[in-house]
Amino acid sequence: MTGEKAAVNFCSRCAAPVVWRIPPGDNRPRHVCEACGTIHYQNPKIVAGCVLEHQGKVLLCRRAIEPRHGRWTLPAGFMENGETMEEAAVRETFEEANARVEIDALFSCLDIPRINQVYVMFRGRLAGGSFSPGAESLDTRLFDEAGVPWEEIAFPAITRTLELWFRDRRNGAFGTHTDVIHRRAAP
């Protein structure tokens, strides 16, 4: 099994203990409640965000929370139930940077199987020109490629997204990218 198995000890439906086994008709082990038959699936979490461009620069947020407190990132976060990926990206951009965004297009989808996450990043433009740190950010700034604090980027998926965005901009055409991130963030 790829990724880490989260501990599930009791059924969320009936509170009976669960076992780790392959359910009938499945091909991999799952947490199964033998009392009520509920199968507790564990699936990757989706992180949605934006590469937000303004006047040729991208907006980065300096994290005020763990993990990676004090490191820089694009505005992004976990998708909530009941919202689309685009809605999650817009919401996270506002929450982290008090910025309104006009989404242009899907930009990248990066799989991180070792931590069971998928990063979905959109290209967008800063609407209205204003931004400021939200509750989860210490600072927000616009950076050109040379000014990006590359050694202080919080997550490998963000580094890869920025590399792709600046490469596409240099080439004069933005694409949609997929990739798999295997490396861990530096301490």
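The largest nonpolar core of this predicted model holds 24 residues, and the members that touch the most others are Leu60, Leu74, Tyr119, Val148, Ile153, Ile158 and Leu162. Several elements feed into this core: S4, strand S5 (57-63), S8, S9 and helix H2 each bring at least two residues. H2 gives the largest share, with six residues. A good place to start looking is isoleucine 158: leaving aside residues up to four places away in sequence, isoleucine 158 touches Thr73, Leu74, Tyr119, Met121 and Ile153. Apart from this core there is another one, made of 14 residues, and Leu52, Ala89, Val118 and Leu126 are among them.

Now for the helix itself. H2 covers residues 156-171, which is 16 residues, and runs 23 Å from its first C-alpha to its last, close to the 22 Å expected at 1.5 Å a residue. Its buried residues are Pro156, Ala157, Ile158, Thr159, Thr161, Leu162, Leu164, Trp165, Phe166 and Asp168. As a reminder, an α-helix has 3.6 residues a turn, so residues three or four places apart point the same way. Ile158, Leu162 and Trp165 can be picked out of the buried set with that in mind, and both Ile158 and Leu162 also appear among the core members with the most contacts to other members. Right after H2 comes glycine 172, with a positive phi of about 80 degrees.

Strand S9 is the next element to look at. S9 spans residues 117-127 and is mostly covered, with ten of its eleven residues buried. On one side of the pairing list is strand S4 (residues 45-54), which runs parallel to S9 over nine bridges; here glycine 49 has methionine 121 of S9 as its bridge partner. That methionine turns up again as one of the residues touched by isoleucine 158. The other pairing involves strand S8 (residues 100-112), which is antiparallel to S9 over eleven bridges, with isoleucine 103 bridged to glycine 124 of S9. S8 and S9 make a hairpin with four residues between them, and asparagine 116 in that turn has a positive phi of about 60 degrees.

Stepping back to the whole chain, there are two helices and eleven strands. Read from the N terminus, the order is β-β-β-β-β-β-β-α-β-β-β-α-β. The C-alpha trace spans about 60 × 30 × 30 Å along its principal axes. Of the 187 residues in the chain, 41% are buried. Among contacts with a sequence separation of 6 or more, 61% link residues 24 or more positions apart. The exposed surface comes to about 10,100 Å², with carbon and sulfur atoms supplying 49% of it.

What about disulfides? A search of the whole structure turns up zero of them. Cysteine 14 is in no disulfide, and the nearest cysteine sulfur, that of cysteine 33, is 3.5 Å away; the cut-off for a disulfide is within 2.5 Å. Cysteine 14 is partly exposed, at 37% relative accessibility. Cysteine 50 cannot be paired up either, because its sulfur is 10 Å from the closest cysteine sulfur, in cysteine 61, which is too far for a bond. Cysteine 50 counts as buried, with 0% relative accessibility.

A few spots in the backbone deserve a closer look. Most residues other than glycine have a negative phi, and most peptide bonds are trans. Alanine 15 is not a glycine, yet has a positive phi of about 75 degrees. Alanine 15 sits in the segment before strand S1 (18-21) and is exposed, with a relative accessible area of 53%. Glutamine 55, likewise not a glycine, has a positive phi of about 55 degrees. This residue is in the loop between S4 and S5, and glutamine 55 counts as exposed at 68% relative accessibility. The remaining spot concerns a peptide bond: the one from glutamate 66 to proline 67 is cis, with omega near 0 degrees. Proline 67 belongs to the loop between S5 and strand S6 (72-73).

Methods. Residues numbered from 1 in each chain as written. Predicted model: local features only at pLDDT ≥ 70, side-chain atom pairs only at ≥ 80, totals over all residues. Heavy atoms only, no water. Buried < 20%, exposed > 50% of the residue type's maximum accessible area, 1.4 Å probe, protein only. Pairing = 2+ DSSP bridges. Expected span 1.5 Å × (residues − 1). Contact = heavy atoms within 4.5 Å. Areas by Shrake-Rupley, 256 points an atom, 1.4 Å probe, with all protein chains shown as cover. Core = buried A, V, L, I, M, F, W, Y, C linked by side-chain atoms within 4.5 Å.
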